Amino acid sequence: MSVGINISHALKKYGNTTVIPDLSLKINNGEFFTLLGPSGCGKTTLLRMIAGFNSIEGGDFMFNETRINDMDPGKRNIGMVFQNYAIFPNMTVRKNVAFGLKNRGINKEKIKEETDKFLKIVHVDQYADRMPERLSGGQQQRVALARALVIKPDVLLMDEPLSNLDAKLRIEMRTVIKNIQRDVGITTVYVTHDQEEAMAVSDRVAVMKDGVIHHCGKPKNIYQRPADLFVATFIGKSNLLSAKLASKNGKNIVTFKNGYSVEFPNIKEDADTEDVVVSARPEELIIHKSAGEEKEGIWATVTDSVFLGLNTHYFARLETGEEVEIVQESDVDEIISRGSRILLTLNEKKANVFEKKGSVSIMQGVQSDVIPPMETFTEEV
């Protein structure tokens, strides 16, 4: 039970339209692997190619040492959980979960044993004799998960399984799914467009756009050291600021439009570019409310604020004309009022710097298991 998946030079076309041009990827045995990207990026297409629901125009798809390109979907031993649950409305919960085992000709005693086991694993055993219409969305999704797992597949494929649930239930269910996957130890390929969901459940994440993987790695590294500007702006929120990079006395100095300069100690030694884009997440901009004119930084005017309990989000217009969002811990006494003038400095240890022309990171510490054709994405700032 459970296999590693190796995809080499995958090609997918619909007529003359190329959806996935040349994609290579390795998913480890027992790993929770997520394909993340905007609608139309090719993530569901790739999932369906693994499942055997879509044709493969080029490349090799391997389960361990077995090539599955031309293998019948029914023989791939996969479990599938869909966005719309796809459980049978005319069968009880128990019969839904037992369906795959019955089709495989398993004896009745074993079917009952395995069905009871997985009903308990997903915590719906108390609803075993109910019809699906009497279950909540979250309960139906648990039934779909149990039905996919009970056949003990080599691979579990999940296509946007939580998108039809409300926000609170999505958070609850992603914890359930991650815990079950870890306990069962099955190789799982999960598709979502929700960045927070991907970060919460995954061992590794592949960020896709236009059929190309731009960054593949652990969630923490993708967030902290994104490989390019697309990843930086798609994963979480990033403020993009134009700047110049120069080397002075062996130090890498980044200078913003207003003349504010910051030394970046973690830029690659071989970085050879002048025009750069600094990506600063809202928490990486630091507010100084009572700074004197002599302190270096970028002056800004607060245009709006949103209080969210622990943190307050500020929106501001920089003296350079750029718009930014800043997040800081909520002040006990007051919220900075609209129209207030503030000074911003940068946490240079956490911010990222990219080539303006190629949009590629020039930071040390970028860890990506896939080196994508970065020229496919160009952001003008």
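Strands, named β and numbered from the N terminus, are runs of at least two residues that DSSP assigns as E. With that in hand, we can take a walk through this predicted model.

**Residues with positive phi**

Let's begin with N249, which lies in the loop that links β11 (239–248) to β12 (251–256). Its phi is near 55 degrees, a positive value in a residue other than glycine. Is N249 buried or exposed? N249 has a relative accessible area of 81%, and because exposed means over 50%, it falls in the exposed class.

H9 sits in a strand, β1 (residues 5–14). The phi of H9 is also positive, near 50 degrees, and H9 is not a glycine. With 51% relative accessibility, H9 counts as exposed. A glycine joins the list too: G15, in the hairpin of β1 and β2, has a positive phi near 65 degrees.

| Residue | Phi | Where |
|---|---|---|
| H9 | near 50 degrees | strand β1 (residues 5–14) |
| N249 | near 55 degrees | loop between β11 (239–248) and β12 (251–256) |
| G15 | near 65 degrees | hairpin of β1 and β2 |

**The sheet around β1**

Now look at the partners of β1. Strand β2 (residues 17–27) runs antiparallel to β1, and 7 bridges join the two. One pair to find on your screen is A10 with its bridge partner L23 in β2. Between the two strands of this hairpin there are 2 residues.

Zooming out, β1 and β2 belong to an open sheet of 4 strands, ordered β2-β1-β4-β5, with antiparallel pairing. Which strands stand at the edges? They are β2 and β5 (66–67); each has a single partner strand, so one side of each has no neighbour in the sheet. At the β5 end, strand β4 (residues 58–63) pairs with β5 over 2 bridges, in the antiparallel sense. Here M62 is found opposite R67 of β5. In general, the strands of a sheet pair through backbone hydrogen bonds, and the pairing can be parallel or antiparallel.

**Two helices that cross**

Finally, turn to the helices. The axes of α3 (residues 108–121) and α4 (residues 137–150) come within 9 Å of each other and cross at roughly 135 degrees. That angle makes α3 oblique to α4, and their crossing is right-handed. Which residues make the contact? From α3 come E114, T115 and F118, while α4 supplies A146, L149 and V150. By type, the residues of this contact comprise 4 nonpolar, 1 polar and 1 charged.

Terms used. Residues are numbered from 1 along each chain as its sequence is written. This is a predicted model: local features need pLDDT of at least 70, side-chain atom pairs count only at pLDDT 80 or more; totals for chains, interfaces and linings use all residues. Side-chain values use heavy atoms; hydrogens and water are left out. Buried means under 20% relative accessible area, exposed over 50%, partly exposed in between (1.4 Å probe, protein chains only). Axes are lines fitted to C-alpha atoms, for helices over the stretch in contact, and angles run from 0 to 180 degrees between N-to-C directions. Angles under 35 degrees count as roughly parallel, over 145 as roughly antiparallel, 65 to 115 as roughly perpendicular and the rest as oblique. A crossing is left-handed if the near helix is turned anticlockwise from the far one by less than a right angle, and right-handed if clockwise. Contact means heavy atoms within 4.5 Å. Ala, Val, Leu, Ile, Met, Phe, Trp, Tyr, Cys and Pro count as nonpolar, Asp, Glu, Lys and Arg as charged, and the others, Gly among them, as polar. Two strands pair if DSSP finds at least two bridges between them.
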